[in-house]
Amino acid sequence: MSDVLYLAIVASLKDKILKSQLKPGDMLNSETSLMNEYSASRMTIRKSLSLLSNEGYIYSVPGKGNFVCKPEVDIFQFKFNKYDGLNTHIDEVKLISVKVMYPSKKIDKILNLDENQKAVEVKRILYSDQKEIAMEIIYLPYVHHQPVIEDMLKFANYLKPVEEKLAFVLDKSLDITITMPSEEICEKINLAEHEPIFEITEIIKNDATQKILEYAWFYVSPKYLTIKAATPKDSSDKRIF
C-alpha cells in the first residue's frame with residue numbers, strides 16, 4: 001500500500017508544481033506536515049521526495065528543507081537508436097570480417113581489458129533494398145569459451161536481448177559528429193567523393209560490473225538519418241524541469 005501511496009504523493013506534488021501552486025524557489029512543507037497532509041509515514045514521504053529530486057522537480061538544502069527547482073528551458077529530450085532511428089528499413093546485414101585480435105592501445109584502454117586479453121573486431125555492412133547504407137565497426141571484449149556467434153551478428157540490433165535484460169544497469173554514451181569518410185568506408189557503402197557522413201561512436205557499459213560490453217563506430221549518410229530533439233512535454237502548460 002505504501003508503494004502506491006508514495007506514487008500518489010509524487011503525483012500530487014508534481015501537479016502543484018506544474019499548476020504553479022508551488023513556484024520555483026518555494027519551500028515545500030516540512031516532512032512532518034506532509035506526513036499529516038497525506039496520512040503517510042516518514043519513510044513514505046522521504047521516498048516521494050527522493051523521487052521528485054531525482055526527476056529534477058525539487059532540490060534539498062541540508063538543515064533548511066526541500067525547494068522547487070527553477071525550470072530548465074534549454075533541456076531537450078533526445079531519443080536515439082542507431083538502427084531503429086534510420087529513415088529507411090534494414091533488411092540485410094553482411095559481415096565483412098570477424099577477428100579475434102590484440103587491439104590497439106586506444107581500444108584496449110576503452111574496453112578496459114585485462115592484461116593480455118584479446119578483443120573481437122567486427123565489421124558489418126547494413127543494407128536497405130539491396131543498397132549499402134551504413135557501415136559499422138564493433139569491438140567487444142573476447143572471453144574464452146564464449147566465442148562470437150556469427151549468426152547473432154547478422155541481426156542489426158544483435159545486442160537488443162542483452163540490453164533488455166540489463167536495462168536498469170546499462171550505461172550508454174554517444175558521440176555524434178560529421179566527418180569525411182575513409183577510403184574503405186567510401187568503397188564499402190558507395191559514397192560519392194567528398195560526401196560527409198555521420199560518425200556515431202557508442203560505448204555500452206554494464207554499470208553494475210563496470211564492464212564494457214561494446215565499443216563501436218557507426219557510419220551512415222545524412223540522407224538516411226535525421227536527428228531530432230524536443231523539450232519534454234510532461235504537462236499541458238509545457239513547463240520544463
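Reader: Which residue in strand 5 is the bridge partner of E121?

Author: Quick caveats: this is a predicted model, where local features need pLDDT of at least 70, side-chain atom pairs count only at pLDDT 80 or more, and totals for chains, interfaces and linings use all residues. Residues are numbered from 1 along each chain as its sequence is written, and side-chain values use heavy atoms, with hydrogens and water left out. Strand 4 (residues 119-128) and strand 5 (residues 131-141) pair in the antiparallel sense over 10 bridges, where pairing needs at least two bridges found by DSSP between the strands. Look across from E121 into strand 5 and the bridge partner is Y139.

Reader: How many helices and strands are there in the chain?

Author: Both kinds of element are DSSP runs numbered from the N terminus: H or I over at least four residues for a helix, E over at least two for a strand. With that bookkeeping, the chain has seven helices and eight strands.

Reader: In what order do the six strands of the open sheet run?

Author: Strands of a sheet pair through backbone hydrogen bonds, either parallel or antiparallel. Here the pairing is antiparallel, and the order is 3-4-5-8-7-6.

Reader: Which strands stand at the edges of that sheet?

Author: An edge strand here has a single partner, so one of its sides is left without a neighbour in the sheet. That description fits strand 3 (92-101) and strand 6 (170-179).

Reader: What does the twist average from one strand to the next?

Author: The angles behind this are taken between N-to-C directions and run from 0 to 180 degrees, with axes as lines fitted to C-alpha atoms (for helices, over the stretch in contact). From one strand to the next, the twist averages 15 degrees.

Reader: Which residue in the turn of the strand 1 and strand 2 hairpin has a positive phi?

Author: Strand 1 (58-61) and strand 2 (residues 65-68) pair in the antiparallel sense over four bridges, and S60 has N66 as its bridge partner in strand 2. Three residues lie between the two strands. The one in the turn with a positive phi, about 85 degrees, is G63.

Reader: How many salt bridges does the count come to?

Author: The rule asks for a side-chain nitrogen of Lys or Arg within 4 Å of a carboxyl oxygen of Asp or Glu. One case is a network that links E31, R42 and R46. By this rule the total is eight.

Reader: How far apart are the closest N and O atoms of K14 and E55?

Author: K14 sits in helix 1 (residues 2-18) and E55 in the loop between helix 3 (42-54) and strand 1, with their positions 41 residues apart in sequence. K14 has 21% relative accessibility and E55 has 34%, so both count as partly exposed, a class between buried (under 20% relative accessible area) and exposed (over 50%), with a 1.4 Å probe and protein chains only. Their closest N and O atoms are separated by 2.6 Å.

Reader: Which residue forms a salt bridge with E136, and is that partner buried or exposed?

Author: The bridge runs at 2.7 Å, N to O, between strand 5, which holds E136, and a residue of strand 4, 12 residues apart in sequence. E136 is buried, and its partner shares that status. So by the under-20% rule the answer is buried R124.

Reader: Which residues does E202 contact, leaving aside neighbours within four places in sequence?

Author: E202 belongs to strand 7 (residues 197-206), and at a relative accessible area of 7% it is buried. A contact means heavy atoms within 4.5 Å. On that basis, E202 touches K82, K172, S173, L174, E214, Y215 and A216.

Reader: What separates the C-alpha atoms of L22 and F67?

Author: L22 lies in the loop between helix 1 and helix 2 (31-38), yet at 16% relative accessibility it counts as buried. Residues up to four places away aside, L22 touches K16, I17, L28 and V68. L22 and F67 are 45 residues apart along the chain, and their C-alpha atoms are separated by 9.3 Å.

Reader: Is H194 buried or exposed?

Author: H194 is in the loop between helix 7 (183-188) and strand 7. P181, 13 residues away in sequence, is 8.0 Å from H194, C-alpha to C-alpha. At 63% relative accessibility, H194 counts as exposed.

Reader: How much of the accessible surface of the chain belongs to carbon and sulfur atoms?

Author: Areas come from the Shrake-Rupley method with a 1.4 Å probe, and for residues only the protein chains shown count as cover. The chain's accessible surface comes to about 14800 Å², while 37% of its 241 residues count as buried. Carbon and sulfur atoms own 51%.
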